[in-house]
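Hi everyone, and thanks for coming. Let me put a structure up on the screen, and then I'll walk you through a few parts of it.

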Amino acid sequence: MAKVLVVTSGKGGVGKTTSTAAIGAALAQSGKNVVVVDFDVGLRNLDLVMGAERRVVFDLINVVQGDAKLSQALIRDKRVDTLSILPASQTRDKDALTPDGVARVIAELREKFDWVVCDSPAGIEKGAQMAMYHADEAVVVTNPEVSSVRDSDRIIGMLDSTTLRAKNGQKIDKHLLLTRYDPARAARGEMLRTEDVLEILSIPLLGIIPESEEVLRASNLGSPVTLSNPESAPARAYFDAVRRLQGETLEMSVPSERRGLFGKWFKWRVA
Amino acid sequence: MSLLSFFTRKNSAPVARDRLQILLAHERTNGEGQSELIAKLREEILEVIARHVTIDRDKVQVKLDRGASVSTLEIDIEVPGLKLAAAKPNGGAAHTAEEADSKSGADKAEPEAASH
C-alpha cells in the first residue's frame with residue numbers, strides 16, 4: 001500500500017528540500033517506486049536540487065487545475081528509473097492549490113507509486129497545511145538550534161490536529177530528522193545535543209544528518225546526496241534513516257567522513 | 001582577559017535547552033489562544049476602567065513576563081488628570097475646569113495584575 005510522507009519543519013532553511021531529495025532518492029535506490037512532490041508554490045526548488053529544472057513542462061498546479069494530465073507533469077529521474085518528480089508551479093497565486101484538486105492528485109499518485117514524498121514549504125500557512133493534509137507519516141526536519149526546535153514543536157502540534165488522519169481520529173507517525181548536526185560541538189556544549197532535542201520534542205528519532213560540505217556539493221551538482229556521493233557521511237545517514245522509515249531497527253549513530261589510513265568509518269555514538 | 005574568558009566561558013547549549021523547555025511548556029498549554037487571551041484581557045480590563053475613568057487607549061501598555069513557575073501580567077494605563085468619566089456630561093462650565101485640570105499634570109496609575 002502506498003504511503004504519503006510529508007517532509008516539514010515550520011522554519012525555512014533547515015534542509016527540507018535537501019532531505020526530500022535524499023530520502024526520495026534513497027527510497028528509489030532501494031527499489032521502491034517513488035515520487036517527490038514539491039508543494040512550495042511560487043518558490044519551487046526541488047526540481048533544481050534534483051537536477052531536473054530544465055525538464056519542467058507542466059507542474060502540480062496544472063494537474064490540480066486539470067490543464068495537464070499527471071503523466072505529462074511527472075519527470076522521470078535520469079539516474080534512478082523508479083524515481084519521479086512532480087514540480088511546483090512558479091505562480092504567485094497562493095489559491096491555485098485547491099483542496100479537492102490536491103486530494104485528487106494525491107489519490108492518483110497513491111495508485112502509481114509506493115511512496116509519495118511531499119516537500120512542504122516553510123511556514124504554517126495554507127501551503128504547509130496542504131502539503132501535510134494527506135500525509136500518513138511525517139518527517140520533521142530540525143536543526144539543533146532554538147528557533148528551529150520551537151517551530152518544529154508548532155508543526156508537530158499541527159500534524160496532530162489539522163491533518164486528514166487527525167480529523168479521522170487516526171494517528172500520524174512523526175519522525176524527527178536532526179540535520180546539520182555537529183557531534184563535536186554538541187559534545188563541547190556549544191550545540192543542543194540529540195538527547196536535548198528529543199526530550200523537548202518527544203517524537204522518535206529517524207536519523208541524524210551531520211553538517212557536511214557534501215550537501216552543498218550535491219545541490220551544486222543538482223543531485224541528491226545519496227546519488228552524488230553515496231559513501232559520504234550525510235548520504236550514509238540518509239540511507240540509515242530510510243531503512244528505519246521502512247521498519248528496520250538500526251543502531252543510532254552519526255556517520256562521519258572516512259578517517260585514517262585504513263579508511264575506517266569513525267562514528268560518534270549516540271545515547 | 002581573553003584567556004580567562006576562554007576558560008570561564010559557560011556552555012551555551014544547556015541555556016538553549018532550558019529556555020526552550022520553559023517557552024514550549026507555555027506555548028503548548030496556551031497554544032494559539034495565548035495572544036487572543038492577552039488581547040481579550042486588555043479589552044475587558046480597559047472596559048471596566050473606562051466606565052469610571054477617562055483613558056487614552058493609545059496610552060495603554062500590556063507586558064507579559066513568563067517564568068518557569070510564575071508569570072506576571074503588567075498593565076500600564078496612563079490616566080490624564082484622573083477625572084471621573086461620570087462628571088463629563090455636565091458640559092458648559094465644566095469644560096474650562098477640565099482643561100485647567102489636565103494642565104495641572106497628568107497622573108499615572110499603574111494597576112498590576114499577576115497571573116499564575
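I'll talk about a cavity, a pocket, one helix, and then the contact between two chains.

One thing to keep in mind from the start: this is a predicted model.

Let's begin with empty space inside the protein. Rolling a probe the size of a water molecule over the atoms shows where empty space is left. Searching the whole structure for cavities of 30 Å³ or more turns up one. The largest cavity holds about 40 Å³ of space.

So who sits around that cavity? Please find A:Thr18, A:Ala21 and A:Val49 on your screen, and then A:Val215, A:Ala218, A:Ser219, A:Ser223, A:Pro224 and A:Val225; these residues line the largest cavity. By type, the lining has six nonpolar residues, three polar ones and no charged ones. Two helices of chain A, H1 (16-29) and H11 (213-221), each give at least two residues to this lining. The largest share comes from H11(A), with three residues.

Since H11(A) has come up, let's look at its two ends. At the N-terminal end, A:Ser212 acts as a cap: one of its side-chain oxygens lies 3.0 Å from the backbone nitrogen of A:Glu214. Just past the helix, A:Gly222 has a positive phi of about 70 degrees.

Now for an open space, the second largest pocket. About 490 Å³ of space lies in this pocket. Its lining has 27 residues, and those nearest the centre are A:Gly13, A:Val14, A:Gly15, A:Thr18 and A:Val215. On chain A, helices H1 and H11 and strands E7 (173-181) and E8 (205-210) each give two or more residues to the lining of this pocket. Which element gives the most to the lining of the second largest pocket? It's H11(A) again, with four residues. The mix of types here is nine nonpolar, 10 polar and eight charged residues. You may have spotted two familiar names: A:Thr18 and A:Val215 are among the residues lining the largest cavity, and they're also among those nearest the centre of this pocket.

Next, salt bridges. Over all chains, the count comes to 18. One of them joins the side chains of A:Lys3 and A:Glu137, at 2.9 Å from N to O. Why is that pair worth a look? A:Lys3 is in strand E1 (residues 3-8) of chain A and A:Glu137 is in strand E6 (residues 137-142) of chain A, so this salt bridge ties together parts that are 134 residues apart in sequence.

Last stop: where chain B meets chain A. The contact involves 15 residues from chain A and 13 residues from chain B. Together they bury about 1,200 Å², with carbon and sulfur atoms giving 54% of that area. How many salt bridges are there between chain B and chain A? There are two. In one of these, the side chain of B:Arg17 meets that of A:Asp196, at 3.4 Å from N to O. On the side of chain B that touches chain A, we have six nonpolar, three polar and four charged residues. Five residue pairs are also in polar contact across this interface.

That's my tour, and I'm happy to take questions.

Methods: Residues are numbered from 1 along each chain as its sequence is written. Chains are lettered from A and ligands numbered from 1 in the order in which they are written. This is a predicted model: local features need pLDDT of at least 70, side-chain atom pairs count only at pLDDT 80 or more; totals for chains, interfaces and linings use all residues. Side-chain values use heavy atoms; hydrogens and water are left out. On a 1 Å grid over the protein atoms alone, a cavity is a set of points where a 1.4 Å probe fits but cannot get out, and a pocket is an open set with protein on both sides within 12 Å along at least five of seven lines; lining residues have an atom within 4 Å of a point. Grid points are joined across faces, edges and corners, and a volume is the space filled by probe spheres set on the points. Ala, Val, Leu, Ile, Met, Phe, Trp, Tyr, Cys and Pro count as nonpolar, Asp, Glu, Lys and Arg as charged, and the others, Gly among them, as polar. Contact means heavy atoms within 4.5 Å. Buried area is the accessible area (1.4 Å probe) that two parts lose on being put together, summed over both. A salt bridge is a side-chain nitrogen of Lys or Arg within 4 Å of a carboxyl oxygen of Asp or Glu. A polar contact is a pair of N or O atoms within 3.5 Å; within protein, one must be able to donate a hydrogen and the other to accept it, and residues adjacent in sequence count only if both atoms are side-chain atoms.
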